[in-house]
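User: Hey, got a minute to walk me through this one? I'd like to go residue by residue.

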Amino acid sequence: MGQFMDFKENGINPYIWCVVGVLLGGLACLLANTREKIIILENLGVGVFGAYIGGDFVASLLSHGATNDKTFSMGSLGLAVAGAVVSLVLLRLMRRAVGPMHQTKGPRRRG
């Protein structure tokens with residue numbers, strides 16, 4: 001059990017990326033004045049996903065695979081924030097293009 005709680009062993013950055021993603025997803029909900037639970041969960045999930053993409057994938061691409069999760073890196077944190085913000089902006093644009101979500105899907109009307 002002690003091994004799971006040891007940040008030095010597992011690496012601190014993935015935990016920070018989760019927190020960054022949740023905070024930015026929550027901030028997006030507050031700025032958009034969202035009250036629907038499914039949209040809140042979607043924002044939180046997309047924020048975490050974007051933070052992981054930015055903090056891990058993009059960071060390893062830019063450093064040619066020389067990333068270290070065991071030590072804190074401001075560069076990775078910045079990329080995690082940027083990844084979460086870009087993902088949330090893309091989600092917002094996709095929602096705008098598709099239109100509002102409907103609670104139930106009614107029968108198709110012919111006309």
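User: Which helix is Leu79 in?
Analyst: Leu79 lies in helix 5, residues 74-98. Helices here are DSSP runs of H or I with at least four residues, numbered from the N terminus.

User: And what am I looking at, model-wise?
Analyst: This is a predicted model, where local features need pLDDT of at least 70, side-chain atom pairs count only at pLDDT 80 or more, and totals for chains, interfaces and linings use all residues. Residues are numbered from 1 along each chain as its sequence is written, and side-chain values use heavy atoms, with hydrogens and water left out.

User: Back to Leu79, what does it touch?
Analyst: Skipping residues up to four places away in sequence, Leu79 touches Gly54, Gly55, Val58, Ala59 and Leu62. Contact means heavy atoms within 4.5 Å.

User: How far is Leu79 from Gly50?
Analyst: C-alpha to C-alpha, 9.5 Å in space, while Leu79 and Gly50 are 29 residues apart in sequence.

User: Is Leu79 buried or partly exposed?
Analyst: Leu79 is partly exposed, at 24% relative accessible area. Buried is under 20%, exposed is over 50%, and partly exposed is in between (1.4 Å probe, protein chains only).

User: Switching to Asn43, where does it sit?
Analyst: Asn43 is in helix 4, residues 37-62. Its relative accessibility is 4%, so Asn43 counts as buried. Beyond neighbours within four places in sequence, its contacts include Cys29, Leu88 and Arg95.

User: How many disulfides are there?
Analyst: The search of the whole structure gives 0, a disulfide being a pair of cysteine sulfur atoms within 2.5 Å.

User: What about Cys29 and Cys18, buried or partly exposed?
Analyst: Cys29 is buried at 7% relative accessible area, whereas Cys18 is partly exposed at 31%.

Note on methods
Helix = DSSP H or I, 4+ residues; strand = E, 2+ residues; numbered from the N terminus.
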